[in-house]
Amino acid sequence: MAGHEIPEPKDRKPVADFESEPRTVEEARHACDPAFRHGVVVGFDGSTSSERALAYAIGMAGRSSSGLIIVHVANRLPTTVWAGCEPPVFVDVPDHRTEVLGLELACADYLSDVPWVLVERGGDICHELEEVGREYEADAIVVGSTHGIVGRIFGSVAGRLARRAQRPVIVIP
């Protein structure tokens, strides 16, 4: 019907604020809890060297009265799927180690003295640790050293991170 308008209810609340600037997807993804700003980022994968790095980071966060951001960079296992005469397709298969680590950390008594959060990322370990450090405006990044032939051949995560990071990197032997 032309010329007929349905009046808006007076108590209707707007769904979106069209006056404010829209946030990009990148800004929405990187929104983090302000309680953990200027905290301590620690790389953790459950290995012995990462457990030592976690212990040091807990002490550092406790002494500075800041939060602890525990980062697990999950392995994305490339898997080839071949369906008949179709060309092979590569699929990222996430590992579930982060869930197991999260449960172990939640039950740990040694984390009861500091506020902490577990962040899961996928990709290059150095890049993701630095990215989380940037997002949380971390005071430092703590990592464990690599003891093995693979670290000597390809370069350790700690060495690569120390060369490229924009904030202090503490390497725990």
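## Exercises on helix H2 and the largest pocket

The cover over the buried residues of helix H2 includes strand E1 (40-43), strand E2, helix H3 (97-106), strand E6 and strand E7 (169-172). Here cover means contact, with heavy atoms within 4.5 Å. The model is predicted, so local features need pLDDT of at least 70 and side-chain atom pairs pLDDT 80 or more, while totals for chains, interfaces and linings use all residues. Residues are numbered from 1 along each chain, and side-chain values use heavy atoms, without hydrogens and water.

**Exercise 1.** Find which residues of H2 are buried (under 20% relative accessible area, 1.4 Å probe, protein chains only).

*Solution.* Start with the helix itself: H2 has 16 residues and spans 23 Å from first to last C-alpha, close to the 22 Å expected at 1.5 Å a residue. That expected span is 1.5 Å times one less than the number of residues. Next, list the buried positions: Ser-49, Ser-50, Ala-53, Leu-54, Ala-57, Ile-58, Met-60 and Ala-61. Recall that residues three or four places apart in an α-helix point the same way, because there are 3.6 residues a turn. Finally, look past the helix, where Ser-65 has a positive phi, near 50 degrees.

**Exercise 2.** Work out which element gives the most to the lining of the largest pocket.

*Solution.* Begin with the space, about 370 Å³. Of the 20 lining residues, those closest to the centre are Gly-43, Phe-44, Asp-45, Ile-125 and Val-157. Elements giving two or more residues are H2 (48-63), E2 (68-74), H4 (125-135), E6 (140-144) and H6 (157-164). E2 gives the most, with four residues.

Terms used. 1 Å grid on protein atoms, 1.4 Å probe; cavity = no way out; pocket = protein on both sides within 12 Å on 5 of 7 lines; lining within 4 Å. Points joined across faces, edges and corners; volume = space filled by probe spheres on them. Buried < 20%, exposed > 50% of the residue type's maximum accessible area, 1.4 Å probe, protein only.
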